[in-house]
Amino acid sequence: MYNDKVKYTLFGEGMKPLELKNDPINSLEPKRSFERNRDALSFITKYSDAYEFTKEGAVYIWDYYKRFAPSGSMVLRREERNPSTDILELDYESELEITSAVRDQKTATVKINIKTGSLADKIEAQMSEKFEFDRTEDVDGNRISDLTYKNFVTIGRTILNESYLFNKEDILIQDGFFAPVSLTFDVKSQSDVSVQGQLNFPDITGTTNFVGFTSGGDNIFFNEDQIFYKESDRDKKLNIKIEFKADALFGRSNGKKFDLFVARKLSYNSTEFQYDGKLSEAITVKRVTPPDGGREHTIVISETVSIDVLRGESLAIFCDWDKSSGGFDWKLSYDQENLKINISEDSVFPPTAFNCLTVDDGYSRLLEIITGDSKNYRSDYFTQGEFKHATIASGKMIRQLNKVDVNNNPTDIPETLSTSLKDLLSTKGYFATGYGIEKIGGKEIFVVEDLKHFFRDKEKIHFGRVSAVTESFAENYSWVSAEFGNNKAGEYEEQQGRFEYNAKNKYGFPTTTAKEVYDGVSKIRTDLLGVEQARRKNQSVAPTEDTPYDNELFLFDSNKFTRGSITNYALYLWRDLLASAPKKVYDPDSVGNFRLTPMRSLFRHMWLFGTSLYKFPEKLIKYNSTTGYAGMITQYPNKPERAENGSYTVGDFIYPKMDSTIVKFTTVLTYQMKKEIQGSYIENNREIPNLYGLAEYEDETGEKQYGWVLKVDIEGKLAKVEMIKSRR
């Protein structure tokens, strides 16, 4: 039946538009739902019923189906006459899901579903797929733009490398007779890949003319498993602390000296390590003069020596004695805990540069790969906000590696990064961002913005007097605790987790009813120790070695600077943003990413958590645990000091926007109300959906109330609404 208050038009790609003379059977007031996605916090539109077309509409759709399915595109436009002006105005345009068409031959009708949104469907289908960023085609095989990298320069993070060795459990007695003897160790923790435990007594030979340790030309050979520090990967200065307590039984000592040595000049020669220096060049850790006769004597050694080790050199520890006056024999016995070695290094690595992309580049590239057009993405947050210069790079990019060909030969093509849109969106935990599909200038756009973008304070929707009002606690906006950071930090081959402040922290909230944990954990890493370990195995140091960091993606709180025609990105350091140097952290001058720590991420979400916590201003948000190190303290200008492992009073933070109350009601749907629900407004030259703004209603007592829409179901002439109340 023809209805001049509503106009429907079908647009089949490759066909002439068709204005329907007969409405779709269930189309006078279609059921639609506008629902806020809980994770993204933006809205999706759902259609609960399929449209059923008759006569010319059914013929048009089925003809299109036979010619183009499963490809092609068809759009249904609905216009409705404004009761105030009597002019037809656009209600909506929706794409029909052509493969859902079902034709009933008996009734000559066609039923067909409306897509949630063509862009939304395409993104959702590819959300979890990982893509290499330097690919040349989108998912449909169309050519896309060449990838252009930016340049990141870094001085790196100073690392305190510490390794610990203890005496082997099964060797608690060692004998010496006319030959040097090495001490034996097991590795208990290792932050330097050159550290290894000694496994056996050494097979040691030497010249017959041992005359103390003053003569030259002496040769000592060590098996590989007797070296406690093997083939240094670079020049370095090591501090070696040796703690040794033993009960010694000396026989025929005759005033000879008992010595503990470190041999430095060791090189691998075919099948064994040879001490290339003179015995006089061995580093004396401690010299002990035992008593004469076969008496017992306790040897106590606690000494630290600094040794300059060259690249490729190895170290061994051994005991020997002065042989200048005849024979000498001895026996040592000790407990396991009485023989310890600590090897430490204040480790630095020369500055390097590597390719990177901004976070904004990352989103733009993924949308171009998925949709064929980088303009299908927008983010004011990542182009104008405080993290507009934040950058990302893969471990392979940080290592400055090039790709290899099918024969595993290196090429001149730089390694890139691979990630999924889902994983990149997981950075919401650091930034407090949401995402969704918006119509901007009549075009669907994927947006990533600050969470507050989706909860705006402008009053945009008016529901009028409502009925059937119910109120309940906002369980979905109440959490027992929150986790922030990333899972991988602290899990290093080099055992450095106890120094990494950008790990995963958990904070507990003062509530007894909530059960859910807020998930702010990201797949993208911010730990600079992981970056540093990757950086130190770059193309020039380890070109063929695989590392655990190669396929990881790292995020940097960086700044952009230009000198002449050259633009670089570099990590913000404390002097750029903090009031003073970070405290209780190793080497504060090389600390970075302090705005992305778990504690700072927590604070960025506090207005949201305050929804259920504002009633308890005197209670504490407490630090619970970490997978790394949580002792660091930072201070922003004109702000108090904050510790990663601190406890914080609820009332000290931003007053919450939302009340912990969900309200549901029903209202009569007017033309103006529907236009407001589906409409938008302009702010700062940007089109903003009205659904992001405040909504007003009059409850059953006539009092005006305010809140943000969570869901609107349009059913005929009624609208069923769910909102979270405002603290206004």
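## Exercises on a predicted model

The side chains of glutamate 532 and arginine 536 come together in a salt bridge, with 2.9 Å from N to O. Keep in mind that this is a predicted model. Let's start with that pair.

**Exercise 1.** Work out whether glutamate 532 and arginine 536 are buried or exposed, and find where helix 8 lies.

*Solution.* Begin with the contact itself: glutamate 532 and arginine 536 form a salt bridge. Next, check the cover: glutamate 532 is buried, and arginine 536 is buried too. Now look at helix 8, residues 528-535. Helix 8 lies across strand 10, strand 24, strand 37 and strand 39 (566-571). Its direction makes an angle of about 120 degrees with strand 37.

**Exercise 2.** Find which parts of the chain are linked by lysine 583 and glutamate 641, and decide how to class the two residues by accessibility.

*Solution.* First, the bond: the side chains of lysine 583 and glutamate 641 meet in a salt bridge of 2.6 Å, N to O. Then place the partners: lysine 583 sits in the loop between helix 9 (574-577) and helix 10 (598-604), while glutamate 641 sits in the loop between strand 41 (633-634) and strand 42 (642-643). They are 58 residues apart, so the pair links distant parts of the chain. Last, the classes. Buried means under 20% relative accessible area and exposed means over 50%. Lysine 583 has 40%, so it counts as partly exposed. Glutamate 641 has 36%, so it is partly exposed as well.

**Exercise 3.** Use the same cut-offs on the salt bridge of glutamate 696 and lysine 704, then look for a network of salt bridges.

*Solution.* The closest N and O atoms of glutamate 696 and lysine 704 are 3.8 Å apart. A salt bridge needs a nitrogen within 4 Å of a carboxyl oxygen, so this pair qualifies. Glutamate 696 has 11% relative accessibility, so it counts as buried. Lysine 704, with a relative accessible area of 46%, is partly exposed. As for the network, it links Arg378, Asp380, Glu438, Glu449 and Arg686. Over the whole structure, the search finds 43 salt bridges.

**Exercise 4.** Which strands stand at the edges of the sheet with the order 37-26-24-10-39-38?

*Solution.* Read the order first: this is an open sheet of 6 strands, with mixed pairing. Strand 37 (553-556) and strand 38 (558-563) each have a single partner strand, so one side of each has no neighbour in the sheet. From one strand to the next, the twist averages 40 degrees. Moving inward, strand 24 (residues 352-358) and strand 26 (residues 391-394) run antiparallel, joined by 2 bridges. Leucine 357 stands opposite isoleucine 392 in strand 26. Finally, add helix 3 (residues 359-371), which lies across strand 10 (150-154), strand 24, strand 26 and strand 37. Helix 3 runs at about 55 degrees to strand 24.

**Exercise 5.** Find which residue takes a positive phi in the hairpin of strand 45 and strand 46.

*Solution.* Start with the strands: strand 45 (residues 680-683) and strand 46 (residues 686-689) pair in the antiparallel sense over 4 bridges. Glutamate 683 stands opposite arginine 686 in strand 46. There are 2 residues between the strands, and asparagine 684 has the positive phi, near 50 degrees. As a last step, recall that Arg686 also belongs to the network of salt bridges from Exercise 3.

Methods
Residues numbered from 1 in each chain as written. Predicted model: local features only at pLDDT ≥ 70, side-chain atom pairs only at ≥ 80, totals over all residues. Heavy atoms only, no water. Buried < 20%, exposed > 50% of the residue type's maximum accessible area, 1.4 Å probe, protein only. Pairing = 2+ DSSP bridges. Axes fitted to C-alpha atoms, helices over the stretch in contact; angles between N-to-C directions. Contact = heavy atoms within 4.5 Å.
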